[in-house]
Amino acid sequence: IEHAALNVFYHTAWEKAFINACNLKGKTGKLLLYDVQGKVIHSEPLRIQNGYYTRDLSMAGISNGLYLVVVTTERERLTKKLLIE
């Protein structure tokens, strides 16, 4: 069984976070971005197609620091750290 996986790559010049998830079991869910204090600074619904989800999220105006990118579905919760510097 393939495990669900989440990958996040931050592109400094474009100020974008490229978010990719694969092998997701759910059909719908949420993309959440938390700061180190645990505060939600971005939240949006997400649609999963054939187990895949991809998003280029603009991080313009977001301060440097450590963030948590969380993808939740009705079946799972995937978390990845994102460092902006």
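Buried means under 20% relative accessible area, exposed means over 50%, and partly exposed is whatever falls in between (1.4 Å probe, protein chains only). The legends below use those words throughout.

**View 1. The whole chain is an all-strand pattern, β-β-β-β-β-β-β, when read along the sequence.** This is a predicted model, so to speak plainly about the ground rules: local features need pLDDT of at least 70, side-chain atom pairs count only at pLDDT 80 or more, and totals for chains, interfaces and linings use all residues. Residues are numbered from 1 along each chain as its sequence is written, and side-chain values use heavy atoms, with hydrogens and water left out. The protein has seven strands and zero helices; both are DSSP runs numbered from the N terminus, with at least four residues for a helix (H or I) and at least two for a strand (E). Its radius of gyration is 12 Å, close to the 12 Å that the globule rule gives for 85 residues, so the protein is as compact as a globular protein of that length. That radius is taken over C-alpha atoms, and the rule is 2.2 Å times the number of residues to the power 0.38. The C-alpha trace spans about 35 × 25 × 20 Å along its principal axes.

**View 2. Surface and charge of the protein.** Of the 85 residues, 38% count as buried. The accessible surface comes to about 5,500 Å², and 51% of it belongs to carbon and sulfur atoms; the areas come from the Shrake-Rupley method with a 1.4 Å probe. There are 11 positive and 8 negative side chains, with the centres of the two sets 6 Å apart. Lys and Arg count as positive and Asp and Glu as negative, while His and the chain ends are not counted. Each charge is placed at NZ of Lys, CZ of Arg, CG of Asp or CD of Glu.

**View 3. Phe-9, Trp-14 and Phe-18 are linked into a cluster by ring pairs.** The structure holds two aromatic pairs. One of them is Trp-14 with Phe-18, an edge-to-face pair at 6.0 Å centre to centre and 65° between the planes. To pair, rings of Phe, Tyr and Trp (its six-membered ring) need centres within 6.5 Å; planes under 30 degrees apart are stacked, over 60 edge-to-face, and the rest tilted. Trp-14 is exposed at 57% relative accessibility, whereas Phe-18 is buried at 18%.

**View 4. Two loop residues, Glu-15 and Asn-23, have positive phi.** Glu-15 sits in the loop between β1 (5–11) and β2 (16–22), and its phi is near 50°. Asn-23 is found in the loop between β2 and β3 (28–34), with phi near 60°. Neither residue is glycine. Glu-15 is partly exposed at 36% relative accessibility, and Asn-23 is partly exposed at 23%.

**View 5. Glu-44 is a buried residue in strand β4 (residues 40–47).** Its relative accessibility is 13%. Leaving out residues up to four places away in sequence, Glu-44 touches Gly-29, Lys-30, Leu-31, Tyr-53, Arg-55 and Leu-57; a contact means heavy atoms within 4.5 Å. Lys-27 is another matter: Glu-44 and Lys-27 are 17 residues apart in sequence and 15 Å apart in space, C-alpha to C-alpha.

**View 6. Thr-72 is found in strand β6 (residues 65–73).** Thr-72 is buried, with a relative accessible area of 17%. Beyond residues up to four places away in sequence, Thr-72 touches Thr-28, Gly-29, Lys-30, Leu-32 and Arg-77. Zooming back out to the protein, residues 24 or more positions apart account for 52% of the contacts with a separation of 6 or more.
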